[in-house]
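Reader: I'm used to gels and assays, not coordinates. Could you walk me through reading a model like this one?

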Amino acid sequence: MNLLIMGPAGSGKGTMSEKIANKFNVAHISTGDMFREAISKQTPVGVEAKGYIDEGKLVPDDVTNRMVKERIMMDDCANGYLLDGYPRNLAQAHAFDEVAYQIDKPLDAVINLTLDYEVLVDRITGRRICEDCGAIYHIQSKQPQVEGVCDVCGGKLYQREDDTEEKLKVRYEEYLNQTEAVIEFYREKGLVKDINADQAIEDVWKDVEDYLEAV
Ligand SMILES: [Zn+2]
């Protein structure tokens with residue numbers, strides 16, 4: 001089964017990706033990991049990408065597209081793949097479409113995690129992290145026993161600089177700008193399944209699992 005997962009930061013995309021990969025035995029391909037791997041293994045495309053990154057430039061779509069192609073042809077994708085973070089614009093989506101058909105691994109479904117902006121604001125701005133062990137808390141939904149103190153290690157809890165509403169708004173709008181056209185592209189193909197991500201993790205997972213079992 002070949003899948004793509006979409007959703008803004010804070011939608012639980014990482015957690016769902018892990019669960020999907022485990023349950024359905026598909027390779028989870030997150031763009032960041034893919035780049036790091038290709039660069040450290042010094043594959044031809046990896047070397048090319050590193051050249052751009054070292055010069056402080058964005059990696060061109062063409063290089064990214066070739067890297068994804070290389071990646072989904074690897075053995076661990078024999079049973080399928082789960083793309084995460086790619087395609088992130090319409091040009092990449094078109095290019096990927098061609099590649100996927102060429103190598104006979106077209107997408108079977110797109111999981112689109114949706115939630116209201118206000119919910120995202122609550123989730124992100126309420127997040128507190130332990131500066132020692134990295135445990136994650138929330139000022140409403142996952143309070144530590146003692147305010148500001150980590151239950152696990154006694155470390156001090158802090159709010160990440162990126163977890164403010166101002167920064168979230170910028171990230172969220174960027175996400176929408178980049179991905180709206182991509183989602184529409186797949187929606188027209190009948191591939192998109194919207195999943196309500198404003199639920200407990202177990203319930204989001206149940207919806208995802210039920211859907212994928214029927215794909
Ligand atoms: Zn801690």
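Author: We'll go from the whole chain down to single residues. This is a predicted model, in which local features need pLDDT of at least 70, side-chain atom pairs count only at pLDDT 80 or more, and totals for chains, interfaces and linings use all residues. Residues are numbered from 1 along each chain as its sequence is written, and side-chain values use heavy atoms, with hydrogens and water left out.

Reader: Okay, how many helices and strands does the chain have?

Author: Helices (H or I, at least four residues) and strands (E, at least two) are DSSP runs, numbered from the N terminus. Here you get eight helices and eight strands. The radius of gyration, taken over C-alpha atoms, can be held against the globule rule, 2.2 Å times the number of residues to the power 0.38. The chain comes out at 19 Å, close to the 17 Å from the rule for 215 residues, so it is as compact as a globular protein of that length. Along the principal axes, the C-alpha atoms fill a box of roughly 55 × 45 × 30 Å.

Reader: And what share of the residues is buried?

Author: Buried means under 20% relative accessible area, exposed over 50%, and partly exposed in between (1.4 Å probe, protein chains only). In this chain, 42% of the 215 residues are buried.

Reader: How much of the contact count comes from residues 24 or more positions apart?

Author: A contact means heavy atoms within 4.5 Å. Take the contacts with a separation of 6 or more: residues 24 or more positions apart account for 70% of them.

Reader: Let's zoom in. How far does helix 5 reach?

Author: For the expected span of a helix, take 1.5 Å times one less than its number of residues. Helix 5 (residues 90-102) has 13 residues and reaches 19 Å from first C-alpha to last, close to the expected 18 Å.

Reader: Which of its residues are buried, and what do the buried residues of helix 5 pack against?

Author: The buried ones in helix 5 are Q92, A93, F96, D97, V99 and A100. They pack against helix 4 (61-72), strand 3 (81-84) and helix 7 (165-188).

Reader: Can we look at helix 4 from the other side? Is T64 buried or exposed?

Author: T64 lies in helix 4 and counts as buried, because its relative accessibility is 5%. Not counting residues up to four places away in sequence, T64 touches F35, V59, Y86 and Q92. You've met Q92 already, among the buried residues of helix 5.

Reader: Now the loop after helix 4. Is A78 buried or exposed?

Author: A78 sits in the loop between helix 4 and strand 3. At a relative accessible area of 67%, A78 is exposed. Its C-alpha is 9.4 Å from that of K105, 27 residues apart along the chain.

Reader: What about the C-terminal stretch: where is E209?

Author: E209 is in helix 8 (residues 201-213). With 18% relative accessibility, E209 counts as buried. Beyond its neighbours within four places in sequence, E209 is in contact with K23 and F24. E209 and K19 are 190 residues apart in sequence and 9.0 Å apart in space, C-alpha to C-alpha.

Reader: One last residue: which ones is N196 in contact with?

Author: N196 belongs to strand 8 (residues 192-196) and is partly exposed, at 39% relative accessible area. Leaving aside neighbours within four places in sequence, N196 is in contact with T114 and V204.
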